[in-house]
Amino acid sequence: MTMWTPMMRWLARATGRAILLAGFACGASGERIETRDGQPAVAVGRDTIGPAAPPGAPAREFPAPRRDVASIVAPRWTDEDSRDDAGEFRTVVRLAGIRAGQTVADIGAGDGYYVARLSPLVGTRGAVYGQDIIPDYLGLLQRRVQRDRLTNVRVVLGDEHDPRLPARSVDVALMIHMYHEIAQPFALLWNLATAMRPGGTLVILDLDRPTYGHGTPPSLLTCELSRVGYTRRSFTKTGSAEYVAVYVAPDSASRPSSEQVRAALASKPCRAS
């Protein structure tokens, strides 16, 4: 598997954004399907993908993490049959408590392993946001959504520091084998809280290994999330090194300010052991 350099990642994003802008200039459009929140889901025949909300707080208001950030190397963790055989999706759904009628956001959705399975689970009264920051991955996801007619799915282009999801729209957010790839975790978590409904949960599946090795030590994970006001509800080991951690998101009105996040991290930094 080829490791992407920062320049390669930048070029992929720049190319994808150019294609995105060209699509808007050409006036691409299609049928709009509404979810229970009144937000448009996938538009059949639409060939443009963009954010689902205005920008939130800028990255410059938050400190960078004091750890390595893993490279984004592929639109999927491993092949889907192996994941199904291991019961990964069933385990995450059970621990997350996902049910019909909810709105679920898959942050870093890639080519859609979770999105394809979440869509029938939440049903016609629910909705799924398939979000990523790599336009090429979202192109793969959009084609899958259209091919399988997943009419309760909306494909969303986010930023490294901001998921760009509608305010108070999400019951459960998933981060599957990708937290270690987040370059701006404090800004992203702060902006994600804006998108969460009161009592909404963030579910993280990762490996207990250094971030440069495509994992996140649980103590580091809890430290980073707690600085932004997330509280851990459960922690379950699902393999020799794998775990699923569930956090309750802070209410957007009472979460720490960016100044408070910065001060807390200056007083007690979150470092990889």
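Mentor: Contact here means heavy atoms within 4.5 Å, and with that in hand we can begin to read this structure, which is a predicted model.

Trainee: Which residues does Met175 touch, if residues up to four places away in sequence are not counted?

Mentor: Met175 touches Ile107, Ile182, Leu188, Leu189, Leu192, Leu202, Val203, Ile204 and Leu205, with residues up to four places away in sequence left out.

Trainee: How should I read such a cluster, and which residues of the largest nonpolar core touch the most other members?

Mentor: The general idea is that in soluble globular proteins nonpolar side chains tend to be buried together. In this structure the largest nonpolar core has 38 residues, and Met175, Leu202, Leu225 and Tyr230 are the ones that touch the most other members. At least two residues of this core come from each of several elements, including strand 1 (103–107), strand 4 (170–176), strand 5 (196–207) and helix 8 (258–267). Helix 6 gives the largest share of this core, 8 residues. Apart from this core lies another one, of 30 residues, with Val93, Tyr114, Leu138 and Val153 among them.

Trainee: Turning to the sheet, what is the order of its strands?

Mentor: The sheet is open, has 7 strands with mixed pairing, and follows the order 3-2-1-4-5-7-6. Strand 3 (153–157) and strand 6 (231–237) stand at its edges, where each has a single partner strand, so one side of each lacks a neighbour in the sheet. On average, neighbouring strands of this sheet are turned by 20° against each other, direction ignored.

Trainee: How many bridges join strand 1 to strand 2?

Mentor: Strand 1 and strand 2 (residues 127–132) run parallel and are joined by 5 bridges; Val104 has Val128 as its bridge partner in strand 2, and Ile107 has Gln131. Strand 2 also pairs with strand 3 in the parallel sense, over 5 bridges, and there the bridge partner of Val128 is Val153 in strand 3.

Trainee: Is strand 2 largely enclosed or left open by the rest of the structure?

Mentor: The step to take is to count buried residues, which means those under 20% relative accessible area. In strand 2, 6 of the 6 residues are buried, so this strand is largely enclosed by the rest of the structure. Ala127, Tyr129 and Gln131 point one way from the strand, while Val128, Gly130 and Asp132 point the other way.

Trainee: Which helices make β-α-β units with strand 2?

Mentor: Strand 1, helix 4 and strand 2 form a right-handed β-α-β unit, and strand 2, helix 5 and strand 3 form a right-handed unit as well.

Trainee: What covers the buried residues of helix 3?

Mentor: In helix 3 (residues 88–96) the buried residues are Glu88, Phe89, Val92, Val93, Leu95 and Ala96. Their cover includes helix 2 (80–85), helix 4 (113–122), strand 4, strand 5, strand 6 and strand 7. Just after helix 3, Gly97 takes a positive phi of about 70°.

Trainee: Where is Arg164 found, and what is its phi near?

Mentor: As a general idea, most residues other than glycine have a negative phi. Arg164, in the loop between strand 3 and strand 4, has a positive phi near 60°, and its 13% relative accessibility means that it counts as buried. His214, in the loop between strand 5 and helix 7, also has a positive phi, of about 60°, although it is not a glycine, and at 16% relative accessibility His214 counts as buried.

Definitions and conventions: Residues are numbered from 1 along each chain as its sequence is written. This is a predicted model: local features need pLDDT of at least 70, side-chain atom pairs count only at pLDDT 80 or more; totals for chains, interfaces and linings use all residues. Side-chain values use heavy atoms; hydrogens and water are left out. A nonpolar core is a set of buried Ala, Val, Leu, Ile, Met, Phe, Trp, Tyr and Cys residues joined through side-chain atoms within 4.5 Å. Buried means under 20% relative accessible area, exposed over 50%, partly exposed in between (1.4 Å probe, protein chains only). Helices (H or I, at least four residues) and strands (E, at least two) are DSSP runs, numbered from the N terminus. Two strands pair if DSSP finds at least two bridges between them. Axes are lines fitted to C-alpha atoms, for helices over the stretch in contact, and angles run from 0 to 180 degrees between N-to-C directions. A crossover is right-handed if, with the strands pointing away from the viewer, the path from the first strand over the helix to the second runs clockwise.
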